[in-house]
Amino acid sequence: MTTTSTRPALSKDGGTDNRPGLLLGVVLAAQFMALLDVFIVNVAAPTIRTELSASGAGLQLVIAGYTIAYAVLLITGARLGDRIGHRRLYLGGLAVFTVASLACGLAAGTGQLITFRLVQGAGAALMIPQVLSLIQRNFTGEGRARALSAYSAVLATGAAAGQVVGGILVSADLFGTGWRPVFLVNMPIGLVLLALGAKVLPRDALTVPEPALTVPEPALTVPEPARLGPGSGRIGPGHGRTAAGRGRSLDLPGLVLLALAVSLLTVPLVLGQEQDWPRWSWISLAASAVVFVTFGAYESRLARHGGAPLIAPRVLRVPGIGRAALRIALAMAVNAGFLFGLTLHLQGGLGHSALRAGLTFAPAAVVFGVVGLTWRRLPVRVQRFLIPGGFLLAAAASVAMGGVLRDGGTGGWGLHLALACMGAGLSLAFSPALTGALATVRPEDAADASGLLATVTQLGQLIGVASFGTLFLGGLHAPGAHASGEALWRCALALAAASILGASTGLVRRAR
């Protein structure tokens, strides 16, 4: 087909450093910091509850307020980045996140802390979608594949690292500040990243039209990650906003429908367990399904009439994007459920300190990161089996983890080995799925694709905590290490079943 392409007019400002390594380091550091904040508060929750006299529901909102605002506004943040500029939105979101972190650390009561956590989540939602968009627009060929591998490693390593860092900061009780350093630590890091980002990130340049070019239709199959075309790895030419992106409306009705649907889904998932799943939580979940269907119908109708839907239908039609989204959601659900259930067992059942519980996750975090950065070095004939193989390894690791802890013991070296295998399995399941999903997404669709996949990632984590957390807590019929071990065993079997489901997601395609 024939189309008119646009090319950004590169900024001539000598103060902008466009070296790809620095750019990637800055955006991934902010990504890591934002993800860290999803999980770092879990370890500090008991201290927050004691010092602020927070109720159970209040404590849940402290933990979940960030996640809810984050999930609801992610796709909106992606669209705003396409309209206003990825550099501006990244720096603006980072500034909001940093200031809100300071406010959280200085909060005098539960109400203030909940409010500032919501603002913090909103800042992350503005900032995080720009990370994938900047990678998609500024890296090509092999360089893009390497950048996406690093992104994948950071994405889930942040979950386990949050437990570790949270345990260290709470146990250190710096200057008698208790839980507050888990928020205040973001302040100096955010300021450094703002200064570096202003220098490193490509400016949001205006676009200039080029002559019409003949662009081949997308292939009918998604290439395996290993088959991505070779490239220099340098920053590509697409780092400005496209004319189409600037011209698209914000789709406010779609935004309202999506925000309502995600809120109806996430609020009961977060608060339902705490309140023993009251009737309103089930009504809310059912209503979310209805609103999601309504949102999809509205978006399709808007696209048919030449409008600019919040999620471009052509992104959903990219071959393999649906299967990849399912795999990403399952991998993140298993990851979050495993972290949540094991944390409760270590601190509640075995009585470990926050520091010891946090450090227990170090093998999973380290192995996940290493595998995420190195899987592409494997032979091409092996790479096609990585995703199902990773899910199966995660299933075996879940059973092994539950088995060594079932009798109420500490697990010894068997637990460390199981956690390392869990990190490797989830990394193999997640990283190639994300890279493959984005391999054929066109630069002009980068914002929509990044917002969609980031939202899927977040919803997967929420569903994992809610479902597997409910299973673990529902199995606690008595206090003590043995009862907690039995509850974790049931949770581990469910994690293994979800992992096997993830491994089977490619069977239908292969049969066809």
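**Entry 1: Thr 115 and Thr 110**

I started at Thr 115, which sits in helix α4. This is a predicted model, so I'm reading everything here as computed. Is Thr 115 buried or partly exposed? At a relative accessible area of 42%, Thr 115 is partly exposed. I then checked a partner from elsewhere in the chain: Tyr 66 is 49 residues away in sequence, and its C-alpha atom lies 9.2 Å from that of Thr 115.

Next I looked at Thr 110, also placed in helix α4, which covers residues 110-138. Thr 110 has 17% relative accessibility and counts as buried, because the cut-off for buried is under 20%. Which residues touch Thr 110, once neighbours within four places in sequence are set aside? I found Leu 52, Ala 54, Gly 58 and Val 62 in contact with Thr 110.

**Entry 2: the whole chain**

I stepped back to take stock of the protein chain. I counted 20 helices and 2 strands in it. The chain has 512 residues, and buried ones make up 56% of them. Its accessible surface comes to about 20000 Å², and carbon and sulfur atoms hold 68% of that surface.

I also looked up how far apart in sequence the contacting residues are. Taking contacts in the chain with a separation of 6 or more, 86% are between residues 24 or more positions apart.

**Entry 3: α9 and α10**

On to two helices. Helix α9 takes in residues 252-271, which is 20 residues. From its first C-alpha to its last, α9 reaches 28 Å, close to the 28 Å expected at 1.5 Å a residue. How many residues of α9 are buried? I get 14 of the 20, so α9 is largely enclosed by the rest of the structure.

Helix α10 runs over residues 279-304 and has 26 residues. Its end-to-end C-alpha reach is 38 Å, close to the expected 38 Å. I listed the buried residues in α10: Ser 281, Ser 284, Leu 285, Ser 288, Val 291, Phe 295 and Glu 299. What covers these buried residues of α10? The cover includes α9, the helix I had just been looking at. After α10 comes Gly 306, and its phi is positive, near 80°.

**Entry 4: α16**

I went to α16 by way of Ala 400, which is in that helix. Ala 400 has a relative accessible area of 33% and is partly exposed. Its C-alpha atom is 9.7 Å from that of Leu 493, although the two are 93 residues apart along the chain.

Then the helix itself. The 20 residues of α16 should span 28 Å at 1.5 Å a residue, and the end C-alpha atoms are 28 Å apart, which agrees. The buried residues in α16 include Leu 386, Ile 387, Pro 388, Gly 390 and Phe 391. Further along I noted Ala 394, Ala 395, Ala 397, Ser 398, Met 401, Gly 402 and Leu 405 as buried too. Among the elements covering the buried residues of α16 are α12 (321-349), α15 (380-383), α17 and α19.

**Entry 5: the salt bridge**

How many salt bridges does a search of the whole structure find? I got 1. Side chains of opposite charge can pair when their charged atoms come close. Here Arg 406 pairs with Glu 486, and their closest N and O atoms are 3.2 Å apart. Arg 406 is in the loop between α16 (386-405) and α17 (412-438), while Glu 486 is in helix α19 (residues 481-503), so the pair ties together parts that are 80 residues apart in sequence. I checked accessibility at both ends: Arg 406 is partly exposed at 33%, and Glu 486 is partly exposed at 21%.

**Entry 6: cysteines and a surface patch**

I searched for disulfides and the count was 0. I looked at two cysteines anyway. Cys 104 has a relative accessible area of 0% and is buried, whereas Cys 421 counts as partly exposed at 26%.

Last stop, the surface. Which residues make a nonpolar surface patch of about 220 Å²? I noted Ile 168, Leu 355 and Leu 359. Leu 359 belongs to helix α13, residues 354-360, and at 43% relative accessibility Leu 359 counts as partly exposed.

Methods
Residues are numbered from 1 along each chain as its sequence is written. This is a predicted model: local features need pLDDT of at least 70, side-chain atom pairs count only at pLDDT 80 or more; totals for chains, interfaces and linings use all residues. Side-chain values use heavy atoms; hydrogens and water are left out. Helices (H or I, at least four residues) and strands (E, at least two) are DSSP runs, numbered from the N terminus. The expected span of a helix is 1.5 Å times one less than its number of residues. Buried means under 20% relative accessible area, exposed over 50%, partly exposed in between (1.4 Å probe, protein chains only). Contact means heavy atoms within 4.5 Å. Patches are made of residues with over 30% relative accessible area and no salt bridge: like charges are joined within 9 Å, nonpolar side chains (Val, Leu, Ile, Met, Phe, Trp, Tyr) within 5 Å. Accessible areas come from the Shrake-Rupley method with a 1.4 Å probe; for residues, only the protein chains shown count as cover. A salt bridge is a side-chain nitrogen of Lys or Arg within 4 Å of a carboxyl oxygen of Asp or Glu. A disulfide is a pair of cysteine sulfur atoms within 2.5 Å.
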